[in-house]
Amino acid sequence: MTAPATPAPGPNSGTKVVIVGGVAGGATAAARIRRLDEQARITVFERSGYISYANCGLPYYIGGVIEDRSKLTLQTPESFWRRFRVEMCVRHEVTAINPQRKTVSVRALETGEEFEEPYDKLVLCPGAKPSLPPVPGTDIERLFTLRTVEDTFAIKDFIEREQPRSAVLAGGGFIGLELAENLRELGLEVTIVQRPQQLMKPFDPDMAALIHAECRRHGIRLELGRSVQAFEQAEDGGVRVLVKDAAPLEADMAVLAIGVTPDTQLARDAGLELGIKGSIVVNSAMETSVPDIYAAGDAVQVKHAVTGDDALISLAGPANKQGRIIADNICGLHSEYRGSQGSCVVKVFELTAAATGLNEGAALAAGLDADTIILSPMSHAGYYPGGKVMTLKLVFEKGSMRILGAQAVGYDGVDKRIDVLATAIHAGMTAPQLKDLDLAYAPPYSSAKDPVNMAGYMADNIQQGILKQWHLADLPCLPRDGSVTLLDTRTPAEYERGHIEGFTNIPVDELRERLAELPAGKPVFVICQSGLRSYIACRILAGNGYDAANFCGGYRYYQAVTEDRRLIEQALPCGADA
């Protein structure tokens with residue numbers, strides 16, 4: 001969709017700008033317009049009682065990490081007026097857009113008064129609303145959603161008043177996972193029900209396995225691959241959650257956190273062009289299909305920065321950028337939104353998980369010829385105390401070696417590695433070029449070969465034909481008829497603690513002396529704990545005429561993923577809907 005270009009007013013214009021929604025995109029647009037145009041007349045209508053609030057902080061107020069409820073709102077209508085002279089009208093709902101006469105119909109929720117407000121430029125930032133599953137009982141007591149400040153206070157007040165001991169959360173995305181942690185820290189027994197067989201859609205199932213393990217370690221019960229069929233009021237006043245092909249779950253409270261849907265009924269009624277899930281279609285200037293109407297935030301369809309495909313990416317960072325871009329274009333500056341990568345990070349108890357770009361599954365679904373690198377580096381120099389292992393997965397395109405995405409799960413330094421890789425994707429770098437990045441190093445913070453550099457070295461070895469890999473998905477297909485050699489290069493003690501059936505153990509430091517034990521002419525599939533020793537073994541083997549491939553991820557990764565799969569399969573009865 002290409003929206004018509006409209007002449008933008010310059011400074012000192014007195015332009016009347018009406019903004020629907022006063023949270024991320026709306027508040028940013030309002031403040032930026034004022035900074036660019038002191039004479040603009042700016043009015044914001046916000047349906048809730050709060051503006052410029054921190055959606056991402058809501059679970060942490062419920063859990064008591066954020067103690068002062070006033071900290072959830074970055075601005076108030078009064079403070080916004082004092083600084084920006086923007087009229088912030090809270091508890092005002094826009095009920096219709098009238099493009100022909102360039103007005104919006106408004107209802108003051110506290111008084112019931114209805115009126116029309118004219119505009120020269122209209123900015124739609126209605127956000128998204130919690131998705132409600134098409135099942136009975138979504139209106140029962142003790143079943144909550146978490147999207148607004150009011151939702152947060154309702155849950156917090158209920159917990160303080162009723163002292164619940166258990167909760168069921170339907171949905172395992174960002175809000176569901178963060179709320180689960182905070183409820184668990186309050187002492188509640190927490191169960192997450194999730195229709196997909198993993199939490200956190202931005203991550204591949206193998207990386208999500210590490211998140212699952214952390215949740216289970218802290219006592220969260222995971223019902224993955226389960227579909228909620230209904231909610232009922234239990235006899236004791238609590239909530240009964242009916243689950244397909246499983247016993248009902250009973251708890252003192254339940255929360256719907258299965259995702260969000262663009263809140264675009266206003267746009268639909270006004271005849272604006274709509275896209276995925278009813279989202280508002282915009283061009284790169286954030287203009288809609290109707291002149292003088294812009295849109296930003298969770299309600300709009302964007303381009304994915306890696307694929308160029310239409311996408312819905314509901315994150316605060318993109319919403320704020322889009323609000324600024326709208327303000328620039330309204331005020332006569334030329335500004336374009338170049339798409340979203342979906343960069344994200346989440347705290348899971350002691351763990352940090354972060355991602356950017358496409359995961360492997362999304363890359364393959366987009367028709368890209370994707371490959372991966374998985375490594376398990378230390379967060380900082382191994383000789384400096386306190387270092388912890390992280391798991392880093394890099395997704396790249398075969399042939400071009402273009403970086404498509406990355407995921408990391410670990411403790412210290414996870415976010416900064418993903419931020420570096422997000423920047424690399426934005427800059428159009430290839431995976432081997434990561435080896436050339438000049439990154440900050442000191443023993444408490446990193447290693448001389450940063451994990452990002454190490455991913456680059458591995459990609460360079462793949463491109464040069466020095467490193468051949470085999471993946472977890474290849475394991476069931478490996479011949480067990482003696483036509484290939486399966487080699488575990490860890491120490492005997494490590495091997496005894498656990499190994500893959502059929503793999504022979506020869507420690508890497510003994511390999512040169514024991515080459516005669518390996519049949520010549522047969523491919524060798526090699527594994528170690530993290531992938532480093534097995535890579536060295538592959539180079540020794542290649543130097544002695546063997547065709548060797550290294551396992552991507554190492555036994556540590558294999559063990560985490562296969563144990564998670566075992567627990568999920570064990571919990572799912574035969575025939576359950578996955």
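Q: In this predicted model, where does arginine 85 lie?
A: The model is a predicted one. The elements that flank arginine 85 are helix H3 (77-84) and strand S3 (87-90), and the residue is placed in the loop between helix H3 and strand S3.

Q: Is arginine 85 buried, exposed or partly exposed?
A: A residue counts as buried under 20% relative accessible area and as exposed over 50%, with partly exposed in between. Arginine 85 has a relative accessible area of 43%, so this residue of the loop is partly exposed.

Q: What is the phi of arginine 85?
A: Most residues other than glycine have a negative phi. Arginine 85 is not a glycine, and yet its phi is positive, with a value of about 50°.

Q: Which loop holds aspartate 292, and is aspartate 292 buried or exposed?
A: Phi of aspartate 292 is also a positive value in a residue other than glycine, near 70°. The residue is found in the loop between strand S18 (280-281) and strand S19 (293-295). Its relative accessible area is 16%, and because a value under 20% counts as buried, aspartate 292 is buried.

Q: Why does the salt bridge of aspartate 450 and arginine 417 tie together parts that are apart in sequence, and how many residues apart are they?
A: The side chains of aspartate 450 and arginine 417 meet in a salt bridge at 2.9 Å, N to O. Aspartate 450 belongs to the loop between helix H10 (414-426) and helix H11 (451-463), whereas arginine 417 belongs to helix H10, so the parts that the pair ties together are apart in sequence by 33 residues.

Q: Are aspartate 450 and arginine 417 buried or exposed?
A: For aspartate 450 the relative accessible area is 4%, and for arginine 417 the relative accessibility is 1%. Because the cut-off for a buried residue is under 20%, aspartate 450 is buried, and arginine 417 also counts as buried.

Q: Which aspartate meets lysine 303 in a salt bridge?
A: Lysine 303 is partly exposed, with a relative accessible area of 45%, and its partner is partly exposed with a relative accessible area of 39%. The two side chains meet at 2.6 Å, N to O, and the partner of lysine 303 is aspartate 310.

Q: Which residues are linked in a network of salt bridges?
A: A search of the whole structure finds 37 salt bridges. Besides the pairs described above, a network of salt bridges links Arg47, Glu93, Arg107, Glu114 and Asp263.

Q: At what angle do helix H1 and helix H8 pack?
A: Two packed helices are described by the angle between their axes and the distance between the axes. For helix H1 (residues 24-36) and helix H8 (residues 316-330) the axes are 7 Å apart, and the angle is about 35°.

Q: How many residues of the contact of H1 with H8 are nonpolar?
A: The crossing of H1 and H8 is right-handed. Among the residues that make the contact are Ala24, Ala29 and Ile33 of H1 and Ala319, Ala327 and Ile330 of H8. Alongside 4 polar and 4 charged residues, the nonpolar residues of this contact number 7.

Q: Which strands are the edge strands of the open sheet with the order S13-S14-S15?
A: This open sheet has 3 strands with antiparallel pairing, and its twist averages 20° from one strand to the next. An edge strand pairs on one side only, and the edge strands here are S13 (228-233) and S15 (249-251).

Methods
Residues are numbered from 1 along each chain as its sequence is written. This is a predicted model: local features need pLDDT of at least 70, side-chain atom pairs count only at pLDDT 80 or more; totals for chains, interfaces and linings use all residues. Side-chain values use heavy atoms; hydrogens and water are left out. A salt bridge is a side-chain nitrogen of Lys or Arg within 4 Å of a carboxyl oxygen of Asp or Glu. Buried means under 20% relative accessible area, exposed over 50%, partly exposed in between (1.4 Å probe, protein chains only). Helices (H or I, at least four residues) and strands (E, at least two) are DSSP runs, numbered from the N terminus. Axes are lines fitted to C-alpha atoms, for helices over the stretch in contact, and angles run from 0 to 180 degrees between N-to-C directions. A crossing is left-handed if the near helix is turned anticlockwise from the far one by less than a right angle, and right-handed if clockwise. Contact means heavy atoms within 4.5 Å. Ala, Val, Leu, Ile, Met, Phe, Trp, Tyr, Cys and Pro count as nonpolar, Asp, Glu, Lys and Arg as charged, and the others, Gly among them, as polar. Two strands pair if DSSP finds at least two bridges between them.
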